[in-house]
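Student: Could we take a close look at one part of this model, please? I'd like to know what sits around the bound molecules and what the chain that holds them touches.

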Amino acid sequence: MQWFPLGKVNEVPPGGGRYVETPAGQIAVLCNEEGTLFAVHNRCPHRGGPLSEGFVSGTTVFCPLHNWQIDLCSGEALPPDQGCVRTFPVRTEGEEIWLGLPGEQP
Amino acid sequence: MGNRARKARLVVVGNGMAGIRTVEELLRMAPDLYEITVFGDEPHPNYNRILLTPVLAGEMRMEETILNDYDWYAGHGITLCTGSPVVQIDRVHRRVITASGETAPYDRLLLATGAAAAMAPIPGNDLPGVYSYRDMRDVEALTQVSTGGGGAVIIGAGLLGLEVAHGLNARGMQVTVVHRRAWPLDRQLDGRGGAMLQEAMEARGIRFLMERESAAVLGEGRVEGLRFQDGSSIPARIVVMTVGIRPRTGLAQTAGVACEQGILVNDTLQTYDPRIYAVGECVQHRGMTYGLVAPLFEQAKVAANHLAEYGRMRYEGSVTSTKLKVTGIELFSAGDFRGGDNTEELTLLDAHQGIYKKVVLQEHRIKGILLYGDTSIGPWLFEHLREETDISALRDHLLFGETHLGDAGHAGANQVARLPDTAEICGCNGISKGQIISAIRDGLFTLEEVRKCTKASASCGSCTGLVEQLLASTLGGVYGSSARKKALCGCTDYSHQEVRDAIQQERLLSVREVFRFLDWRNPGGCAGCRPAVNYYVRTAWPAEGYDDASARFINERAHANIQKDGTYSVIPRIYGGVTTPAELKRIAEVAERHAVPMVKFTGGQRLDLLGVPKEKLPAIWAELGMPSGHAYGKALRTVKSCVGQEFCRFGVQDSTRLAIDLEKNLERMWAPHKVKLAASGCPRNCAESTVKDFGVIGVDSGWEIYIGGNGGMKVRAADLLTRVKSEAEVILVAKAFLQMYREEAQYLERTAPWVERVGMARIRERVVEDPVQREELAARLDFAILQERDPWAEAVAGRLDIHAAPLRRVSA
Ligand code: SRM
Ligand SMILES: Cc1cc2nc3c(=O)[nH]c(=O)nc-3n(C[C@H](O)[C@H](O)[C@H](O)COP(=O)(O)OP(=O)(O)OC[C@H]3O[C@@H](n4cnc5c(N)ncnc54)[C@H](O)[C@@H]3O)c2cc1C
Ligand code: SF4
Ligand code: FES
């Protein structure tokens, strides 16, 4: 696991998200109304919608294209939909956001 | 505060549909408030009583009707005592006492004892072989006795009587239905419909004896027959009595809780004793008792709201509809279809196809509905009945339904009953009829629940009517489709209007304040309520209200339309569709410089640059130097125009100039949904003004103004609002009309359905006939638009951040 600084907490709008380009692909960094951060691949399991542009509420993101709901802890789509998106660890140190990427992955 | 340590105790008497629904609603609102104990007379967990007939007919198994299994109670920490009737309420010590002498103390008590089958008061009504039809025990007994075959006589041809007749017929018994009136379902049908129904059931082998008053059940030691008052009699092996239901009020009555027909409750479902609430068939509210699930579930919601100590909702009574759930017989009725003074009837009879439709009107509103043979338009008509829609404009096709005017892509699919189980109902999500029915039978009752569970009707919504028909035919009525009573979304029980009222009265200035003040179940809301509430805040408080970007759909946050691959499209404003060579050149150069993958003329008379990555948006906007066309927003879109007087040989008015003026006056206007305008220079109407939200047509003497047109999923021709002389008047009326729409329509409701809902008369009254209101409405719109800036210019100037670029690029 390798950790990368992404920027300041206030650069991710609460209730929404931003994306980052990484060697592991485009990753959505999402923030709920309480300020909790999540990171998942920025591709909806339905038809690849950018999750960074969706609504975030609690631990759910609503995909902006067709409104699939995805649990940000597990990456699983909520029923009745089925599908999964990969999750990544994020943490904050002071105001800085850090994203954890698997070490050896290209 | 000492005793706050222990939870309050809620005791529920009656483990049936209304009682447990209330508990479910309560748990959603306040999961930890109470320690809950439920007493039930029957030996089962809560099951779906509506499905007793499919069980009797052998189409379903008993276990499949369970709505809440034992694990559900345990999982929510609810103590369930089945087979344990409560026999006394000790109001002084606040406890209930069961038949076996157990006691349970309460802080709040909920009575949901339902109703009991009434027995005909005739000699022999207690002989072995006489049955009632109310609960699982009855179904078990009837199932067993039916294996011996023979003759079954049903007394009473109401809904239950016909259902049990169908069930026993399916079990191979010879069924005769006896009724004191001249036709079956006399409370749901008129004579003609009744005759058609009787014929259809006779064709299945069920006999009817009408206008017979039962006198005595015959038999020595067990049923042998039934004698009538005229002295005649028929033999019978069993007799089933379905002559009505009686609210079970005995328990409340002995405890001194006021009762008449049912237990008396106020609009909060509270009884005469403030600690005791009551819901369901046992209740009498504003003089009415109800025997269908839909109103009971509305009661459950309100009772739960008060038990949860929110205290904001009121139950104001329900309008119900009924649907016979006998496979192959299509029948729907609601309201007062008998008519009378000051009413008119619209009828349609096709005896050959077995179709009969009747709608009773009073002062342009629907009062009663009776449909036989083809009930596809039932839910649609019922909605107009409940909404008290002014149907003047729909009158010509009322009996054919909304699909009549052309429901794009769905022609012919309105006969849901005749479709096979594999037929696709929801075209967006590929959900079949069979999938929806089996989901409903698993315990869904409302459109919202079906949407959530199956996705059917959850996308473009054009199959909503079909899904409602499936709900009606599976559950025997129309559930929760009324816009007026409907909760804004799953995060709250408050309706759109209740939320708007709170924003206005309590001066709530942001989405977050609204969520907090109204105790949203989900502090972050969802994709349904966030944009809606943000819109309501902004319309109520255009200057002070906070426009929350995180509550805007992505398109309105990015100020561009997101595409399937995550890129965006850019459509600048081209006022009235009129451009210049210089402007065209600039657009062409920008497209070329940024290698825009496609440039397209839109259906709205302007140019679209498609496939632009988000990162490039601000640069493209800067280089275009044109304002946003809002092609992405619930906002003013285009004002289409035709050539008009200036060049066209037929033109009698300057439609291009008016279109440009309208667009300049209204641009940046947000609305409940998108708003499209058009101006045509003569009645040839080349700008298609009659399928626009607001359209004008030039005539020699001035302008004709049309409203409520739509050309999208459901074509609707606009209605003539008024005629005016000058362009200034057109602009004033446009502003007044659109502001009224902004203030009154529900979020995501376009003008077409809204105009149908409120009726032309009310709109005309406010925006045409009353000059004061018209000016005030227009002034409020001007003020609201004044608060808005062009978003593209704002972004270019660095005052608006659309987060175009990624947060960071991480390299390995
Ligand atoms: C660009 C355009 C098609 C074109 O290339 O011509 C278009 C494109 C879209 N339309 Fe449209 N509509 C376009 C003119 C129309 C018209 C014709 C018109 O405006 O004269 C109609 C029928 C008229 C009407 O609205 O009554 C139309 C009826 C719809 C509907 C159905 C609306 C309804 O109430 O029935 C939708 C769905 C919706 O809004 O919910 C829709 C939705 C859409 C969306 C925004 C779908 C979406 O949410 O992403 C499409 C974006 C495609 C994309 O990838 O960018 N579009 N759309 C047209 C833009 C006109 C403009 O200059 O602004
Ligand atoms: C065969 C049949 C078909 C129906 N079809 C439809 C339909 O298609 N559509 C529709 O909308 N409605 C239908 N109904 C009506 C619907 O089932 C009722 O309106 C609904 O069940 C009433 O709910 P409730 O909670 O008030 O009463 P119930 O569901 O009857 O629940 C009351 C419960 O309280 C128990 N109870 C009573 N007194 C006590 C006591 N003192 N102590 C403990 N427990 C007690 C009862 O045993 C019962 O279990 C049908 C009813 C029947 C019988
Ligand atoms: S009709 Fe409209 S929404 Fe459908 S594909 Fe075409 S542009 Fe998109
Ligand atoms: S791509 Fe996400 S819901 Fe369709």
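Tutor: Let's start at ligand 2, where one of the nitrogen atoms is 2.7 Å from a polar backbone atom of B:Leu475. That is a polar contact, meaning a pair of N or O atoms within 3.5 Å; within protein, one must be able to donate a hydrogen and the other to accept it, and residues adjacent in sequence count only if both atoms are side-chain atoms. Keep in mind that this is a predicted model, where local features need pLDDT of at least 70 and side-chain atom pairs count only at pLDDT 80 or more, while totals for chains, interfaces and linings use all residues. As for labels, residues are numbered from 1 along each chain as its sequence is written, chains are lettered from A and ligands numbered from 1 in the order in which they are written, and side-chain values use heavy atoms, with hydrogens and water left out.

The oxygens of ligand 2 have partners too. One is 2.5 Å from a side-chain N or O atom of B:Glu281, and a backbone N or O atom of B:Ala112 lies 3.5 Å from an oxygen of this ligand. Altogether 35 residues surround ligand 2, and B:Glu42, B:Arg134, B:Glu281, B:Lys325 and B:Leu475 are the closest. A residue counts as near if one of its heavy atoms lies within 4 Å of the molecule.

Now for ligand 1, which has 21 residues around it, the closest being B:Gln563, B:Thr602, B:Gly603, B:Lys674 and B:Arg750. One of its oxygens is 2.6 Å from a polar backbone atom of B:Gly603. Side chains join in as well: a polar atom of B:Asn710 lies 3.0 Å from an oxygen of ligand 1, and B:Asn561 has a side-chain N or O atom 3.4 Å from an oxygen of that ligand. By class, the shell holds 2 nonpolar, 11 polar and 8 charged residues. Here Ala, Val, Leu, Ile, Met, Phe, Trp, Tyr, Cys and Pro count as nonpolar, Asp, Glu, Lys and Arg as charged, and the others, Gly among them, as polar.

Where does ligand 1 sit in the chain? Domain 4 (553-633) and domain 5 (634-800) of chain B both contribute to its shell, so the ligand lies between them. Those domain bounds come from an automatic or database domain assignment.

Chain B also meets chain A. There, 36 residues of chain B are in contact with 35 of chain A, contact being heavy atoms within 4.5 Å. About 2,700 Å² is buried between the two, with carbon and sulfur atoms giving 57%; that is the accessible area (1.4 Å probe) the parts lose on being put together, summed over both. B:Leu807, B:Arg808 and B:Val810 supply 28% of what chain B buries against chain A, more than any other three residues.

Charges help knit the picture together: the two chains have 2 salt bridges between them. That term means a side-chain nitrogen of Lys or Arg within 4 Å of a carboxyl oxygen of Asp or Glu. One pairs A:Asp81 with B:Lys455, with the closest N and O atoms 2.8 Å apart. There are also 15 residue pairs in polar contact between the chains (both at pLDDT 80 or more).
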